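Reader: I have a sequence and a model to go through. Take me through its open and enclosed spaces, and tell me how each label is earned.

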Amino acid sequence: MSQPMVLNTVADLRRQLARWRARRETVALVPTMGALHAGHISLGTIAKSRADHVVYTIFVNPTQFAPNEDFSAYPRTFADDCAKIAELGAEAVFAPTPAVMYPEGFATTISLTGPATAGLEDRFRPTHFAGVATVVAKLLIQAMPDLAVFGEKDFQQLAVIRQLTRDLDLPITIAGGPTLREADGLAMSSRNVYLSSEERATAPLLQRVLSEAAAAIQAGEDAEHVLNYGRERIAQGGFALDYLEWRDAKSLGLASRNKASRLLVAARIGKTRLIDNVGVAAGV
Ligand code: AMP
């Protein structure tokens, strides 16, 4: 497998994309923070099936981490990441430095209301989505791909990105990819490497509670009762629960049974914060 070309500056990225565009070939972007796992690669597979060329971006974005979060500890595995990208057959990696993304004097922040203030992640990470929105808007504008692929694993983030793409009139299709899971149901995440073996054994509880709660709501049980029972189970399982909520899948506002909806959870175990979500079918 040939190694992907590594592009470190916006000019290099744009030059490469211009070459492809001149041949009327399409480009899909897969933005990541690296430490790639099979979930990230599944997004690249979607990208490959829908565009002529796939570009991964790898950038651990400092502005989406609060000062008390894990920016310095976040796993960085660039050589392994490139090997996985090569195996997939994606051609390029855009890996800017913080100085490329935020040069001296950088002064612009993109902040949203709507899905970014739905009272989920934003309640616990109040500066997070401004960091995400700003960096994703920059990456989309830098590359101007035909398509960009993001994971449903970060469901609120995906809604924020769809919103900003619409609001800023970016002519880019946003695609969502399903969450890839370990055999025991735990959603794959770069942060799973933080888990001790005991915590790792407990972690799949989140997915079990989500899928059982989704089934109970679909079976017509009282949603508040189902949520409270799920919250108790998560707390009793050894997590510090941030939230377990049932929301409309599009707006992230209050859910109703006749529209597609989503159950979303965030909980901490030891030093690690995990998030997950599952769909609840409409018309139940
Ligand atoms: P991250 O590197 O964690 O910022 O994630 C980069 C992209 O991969 C985001 O669009 C995530 O939603 C997506 N992603 C993360 N984990 C998974 C997973 N388990 N399955 C599918 N996509 C994922």
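Reader: How do you know how the lining of the second largest pocket divides into nonpolar, polar and charged residues?

Author: This is a predicted model. The lining is made up of Pro115, Glu152, Phe155, Leu158, Ala159, Arg162, Gln163, Arg166, Ala249, Lys250, Ser251 and Arg262. Asp, Glu, Lys and Arg count as charged, and Ala, Leu, Phe and Pro are among the nonpolar types. That gives five nonpolar, two polar and five charged residues.

Reader: Which helix gives the largest share of the lining of the second largest pocket?

Author: Helix α7, residues 155-167, with six residues. The pocket has a volume of about 270 Å³.

Reader: What do domain 1 and domain 2 give to the lining of the second largest pocket?

Author: Each gives at least three residues. Domain 1 covers 5-177 and domain 2 covers 190-278.

Reader: Why is a space called a cavity and not a pocket?

Author: Because a 1.4 Å probe fits in a cavity but cannot get out, whereas a pocket is open. With a cut-off of 30 Å³ or more, the count is one cavity. The largest cavity holds about 50 Å³ of space.

Reader: Which residues line the largest cavity?

Author: Lys153, Leu186, Ala187, Ser189, Asn192, Leu206, Leu274, Ile275 and Asp276. Strand β9, residues 272-280, gives the most, with three residues. By class, the lining has five nonpolar, two polar and two charged residues.

Reader: Now the ligand. What makes the pairing of His40 with the ligand a polar contact?

Author: The cut-off is 3.5 Å between N or O atoms. An N or O atom in the His40 side chain is 3.1 Å from an oxygen atom of the ligand. The pair is therefore a polar contact.

Reader: How do you know that Leu180 and Met188 make polar contacts with the ligand?

Author: Use that 3.5 Å limit again. A backbone N or O atom of Leu180 is 2.8 Å from a ligand nitrogen. A polar backbone atom of Met188 is 2.9 Å from a ligand nitrogen. Both pairs therefore qualify. The protein buries 93% of the 490 Å² that the ligand exposes when taken alone.

Reader: Which elements give two or more residues to the shell around the ligand?

Author: β2 (27-32), α2 (38-50) and β5 (147-151). The largest share, three residues, comes from α2.

Reader: How many residues surround the ligand?

Author: There are 17, and the closest are Met33, Gly151, Asp154, Leu180 and Met188. By class, the shell has eight nonpolar, seven polar and two charged residues.

Technical notes: Residues are numbered from 1 along each chain as its sequence is written. This is a predicted model: local features need pLDDT of at least 70, side-chain atom pairs count only at pLDDT 80 or more; totals for chains, interfaces and linings use all residues. Side-chain values use heavy atoms; hydrogens and water are left out. A residue is near a molecule or strand if one of its heavy atoms lies within 4 Å of it. A polar contact is a pair of N or O atoms within 3.5 Å; within protein, one must be able to donate a hydrogen and the other to accept it, and residues adjacent in sequence count only if both atoms are side-chain atoms. Accessible areas come from the Shrake-Rupley method with a 1.4 Å probe; for residues, only the protein chains shown count as cover. Helices (H or I, at least four residues) and strands (E, at least two) are DSSP runs, numbered from the N terminus. On a 1 Å grid over the protein atoms alone, a cavity is a set of points where a 1.4 Å probe fits but cannot get out, and a pocket is an open set with protein on both sides within 12 Å along at least five of seven lines; lining residues have an atom within 4 Å of a point. Grid points are joined across faces, edges and corners, and a volume is the space filled by probe spheres set on the points. Domain bounds come from an automatic or database domain assignment.
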